[in-house]
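Please open the structure in a viewer and keep the selection panel at hand. The tour below proceeds by selection, one stop at a time.

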Amino acid sequence: MEAVPRGAGFARIKMLWEIAVHVAADPTARLTNNREMCIMVGNGSGDKFQPSLRMATGSPLLAYDVARGDLDLSIMNPSSLLTQAYRGTGMFSEPLAVRAIANYPSWDRFALAVHPRTGLTSLAEIKERHFPLRLSTRQDAAHATRILTDQLISLYGFTLADIETWGGTLQGVTRPGEKSRLDGIKDGSIDAVFDEGIGTWIETALEAGFILLTMEENILRQLEAIGWRRVVIPAGRYARLKSDHVCLDFGGWPLYTRASLPDEQAYLVCSALEEREELIPWDERAFTGLSQLGRDTEATPIDVPFHPGAERWYREHGFRD
């Protein structure tokens, strides 16, 4: 399969693609949140573009656009937020008719790391003590990590704004392994990190003496009812992690659509993944092959039904019984 099919039109498409990637990757785009892209395939021969397939990256809230047909495909991270959209729980006020097409593999966990100098052994104590926590979290309030953080601490009866009211501070980062966070962990200017992307910061935190807090059983059950999955960071995955740690899953980037998408379009999307597998930049730490994209694995957790067109493709290719 050619990276760019022959023909003048495809060469121009590649030019537009490169322009879009450059604009979205510009450092200022991260500050303005202009980092997402919408790709439309369709008929541009008239005076108005007629889309046949509309795909976009972006907020989990794009599930509303997908469900009502304003978009045909989108990607969401983590998988648990798509579960919320399907169930109508958490950040979604009603069940949406969303269906999975494929799940881009990604192994990750959400961890609560706190330094022992705080004396904290539970998130409940933050409210009880009105603790002035110096917390490192995501800068973007719409980021999936912040959504989970808000859902989690609300079960303990407080908010991030409350922490600031009690004299605490929020260090906002744009990436989980950002230098300012790692420096704050090392020099003691932050007390806690609530985040995913743990491979980029957790070893630094453990080396600095941070401990990982485990949520109480009743809290875990309430989060599971919303759609989050209880999982484990296995002992030894990180050098200073001596025992299994129970936490929440933050893996998977499901590609999803609406239930009413024609079966042939869902089938075609799966075929495209097969035909262009070698050109897709997979996460080499998690990707084990195309069969994984349609199965529930540690790197592709999924609690949402697959679209019938995708189901047929996986079955015909031996990836379903």
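Select M15 to begin; in this predicted model, M15 has a relative accessible area of 47%. Because that value falls between the 20% and 50% limits, M15 counts as partly exposed. The residue belongs to helix α1, which spans residues 8-25. Now add L16, I19 and V23 to the selection. Together with M15, these residues form a nonpolar patch on the surface, and their combined accessible area is about 390 Å².

Next, select residues 98-104, which make up strand β4. Is this strand largely enclosed or largely open? Five of its seven residues are buried, so β4 is largely enclosed by the rest of the structure.

Extend the selection to residues 253-258, strand β12. The strands β4 and β12 run antiparallel and are joined by six bridges. To see the pairing at the level of residues, display A100, which stands opposite Y256 of β12.

Remain on β12 and select T257, which lies in this strand. Its relative accessibility is 0%, so T257 counts as buried. Which backbone atom does the side chain of T257 reach? The partner is the backbone oxygen of D72, at 2.6 Å.

Finally, display the surroundings of T257. Leaving aside residues up to four places away in sequence, T257 touches V66, D72, L73, A97, V98, R99, I101 and H307. D72 is thus listed among the contacts of T257 and also supplies the backbone oxygen reached by the T257 side chain.

Key
Residues are numbered from 1 along each chain as its sequence is written. This is a predicted model: local features need pLDDT of at least 70, side-chain atom pairs count only at pLDDT 80 or more; totals for chains, interfaces and linings use all residues. Side-chain values use heavy atoms; hydrogens and water are left out. Buried means under 20% relative accessible area, exposed over 50%, partly exposed in between (1.4 Å probe, protein chains only). Helices (H or I, at least four residues) and strands (E, at least two) are DSSP runs, numbered from the N terminus. Two strands pair if DSSP finds at least two bridges between them. A polar contact is a pair of N or O atoms within 3.5 Å; within protein, one must be able to donate a hydrogen and the other to accept it, and residues adjacent in sequence count only if both atoms are side-chain atoms. Contact means heavy atoms within 4.5 Å. Patches are made of residues with over 30% relative accessible area and no salt bridge: like charges are joined within 9 Å, nonpolar side chains (Val, Leu, Ile, Met, Phe, Trp, Tyr) within 5 Å. Accessible areas come from the Shrake-Rupley method with a 1.4 Å probe; for residues, only the protein chains shown count as cover. A salt bridge is a side-chain nitrogen of Lys or Arg within 4 Å of a carboxyl oxygen of Asp or Glu.
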